[in-house]
Amino acid sequence: LMKRVGGLPPNGVDFISMDGAANLPYDIANVRIEYIESDPGIPYGFWRSVGASFNGFAVEAFVDELATTAGKDPYQFRRELLSKAPRHRAVLELAAEKAGWRTPVAQGRGRGIALMECFGSILAQVSEVSVDAAGAVRIHRIVCTVDCGWAINPDTIKAQMEGGIVYGVTAALKGEISIRNGRVEQRHFGDYQMLRFNEMPEIEVHIVPSGETPGGIGEPSTALAAGSLVNAIYAATGKRIYRLPIRPEQLRNATA
């Protein structure tokens, strides 16, 4: 068993907090990643995809900003940085191909792309969204590609990808916990909602054939969901999202 000192591993690095950030696949010469542990004053625990969830959002939203600053297409920008990561590059290319990245998007919509590795699996995702004048986000389509190594049961992989996406998108759009007088206000699904049938996008899952060691499949698509979503919102509206969950007032009357 790993001996812990002050709640951290001996090297002082909390790998859970760094998951999805410290293991970047991109060929970037200089990278510095820091984190600060904070106490919110209330007890809390893990949720699906753990540290990779918020890092998937923060890292891939930032990479999208880098692409914009460089004046490059978000897909091509990522692809150029993956020359030393062929598995990641193949997953990204397949997502772009299946989503029709190079074809014009419908009027009023935007596409966003994201890529990450977590739990031993590599995923890419393209989301297609629109935002109405009131700031409400509508997700029309999500294309997810995954290299999880040796695919033992494709149906299970597909189901887990779909379920993880719904979980992650719901968190990005609805999943806020508020505290009042020391108690959680949300008591059940009436005030802590999941994405409903009429809000569901079309979801496509494509598995990359691989003979590599099997990776995890229950959590990775949750970690990727918010990143591709906020990048699609930027493409549709020109508005960057820095805080989750996404509130309509953040996007009211936003235009690309």
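**Exercise 1. The second largest cavity**

Task: In this predicted model, find how many nonpolar, polar and charged residues make up the lining of the second largest cavity, and which elements give two or more residues to that lining.

Solution: Begin with the classes, since the lining of the second largest cavity is made of four nonpolar, one polar and two charged residues. Next, name the residues themselves, which are Ala61, Glu65, Val230, Asn231, Tyr234, Arg240 and Ile241. Then turn to the elements: H2 and helix H6 (220–237) are those that give two or more residues to this lining, and H6 gives the most, with three residues. Finally, add the volume, which is about 40 Å³ for the second largest cavity.

**Exercise 2. The largest cavity**

Task: State the volume of the largest cavity, and describe its lining by class.

Solution: A search of the whole structure finds two cavities of 30 Å³ or more, and the largest cavity has a volume of about 70 Å³. Its lining consists of Gly20, Asn23, Leu24, Pro25, Tyr26, Gly56, Val59, Glu60, Leu115, Met116 and Glu117. Sorted by class, the lining of the largest cavity holds six nonpolar, three polar and two charged residues. As a last step, look at the elements, where helix H2 (50–70) and strand S1 (109–118) each supply at least two residues of this lining.

**Exercise 3. The second largest pocket**

Task: Work out which residues lie closest to the centre of the second largest pocket, and which element gives the most to its lining.

Solution: Start from the space in the second largest pocket, which is about 340 Å³. There are 16 residues that line this pocket, and the closest to its centre are Val137, Leu173, Lys174, Ile246 and Pro248. Two or more residues of the lining come from each of strand S3 (137–147), helix H5 (154–174) and helix H7 (248–251), and S3 gives the most, with three residues. By class, the lining of the second largest pocket counts eight nonpolar, two polar and six charged residues.

**Exercise 4. A residue of a surface patch**

Task: Locate Ile177 in the chain, and explain why Ile177 is classed as partly exposed.

Solution: First place the residue, for Ile177 lies in the loop between H5 and strand S4 (179–180). Then take its relative accessible area, which is 46%; because partly exposed covers the range between under 20% for buried and over 50% for exposed, this value puts Ile177 in the partly exposed class. Lastly, set the residue among its partners: Ile42, Ile177, Ile179, Val184 and Tyr192 make a nonpolar surface patch of about 390 Å².

Terms used: Residues numbered from 1 in each chain as written. Predicted model: local features only at pLDDT ≥ 70, side-chain atom pairs only at ≥ 80, totals over all residues. Heavy atoms only, no water. 1 Å grid on protein atoms, 1.4 Å probe; cavity = no way out; pocket = protein on both sides within 12 Å on 5 of 7 lines; lining within 4 Å. Points joined across faces, edges and corners; volume = space filled by probe spheres on them. Helix = DSSP H or I, 4+ residues; strand = E, 2+ residues; numbered from the N terminus. Nonpolar A, V, L, I, M, F, W, Y, C, P; charged D, E, K, R; others polar. Patch = residues over 30% accessible without salt bridge, like charges linked within 9 Å, V, L, I, M, F, W, Y side chains within 5 Å. Areas by Shrake-Rupley, 256 points an atom, 1.4 Å probe, with all protein chains shown as cover. Salt bridge = Lys/Arg side-chain N within 4 Å of Asp/Glu carboxyl O. Buried < 20%, exposed > 50% of the residue type's maximum accessible area, 1.4 Å probe, protein only.
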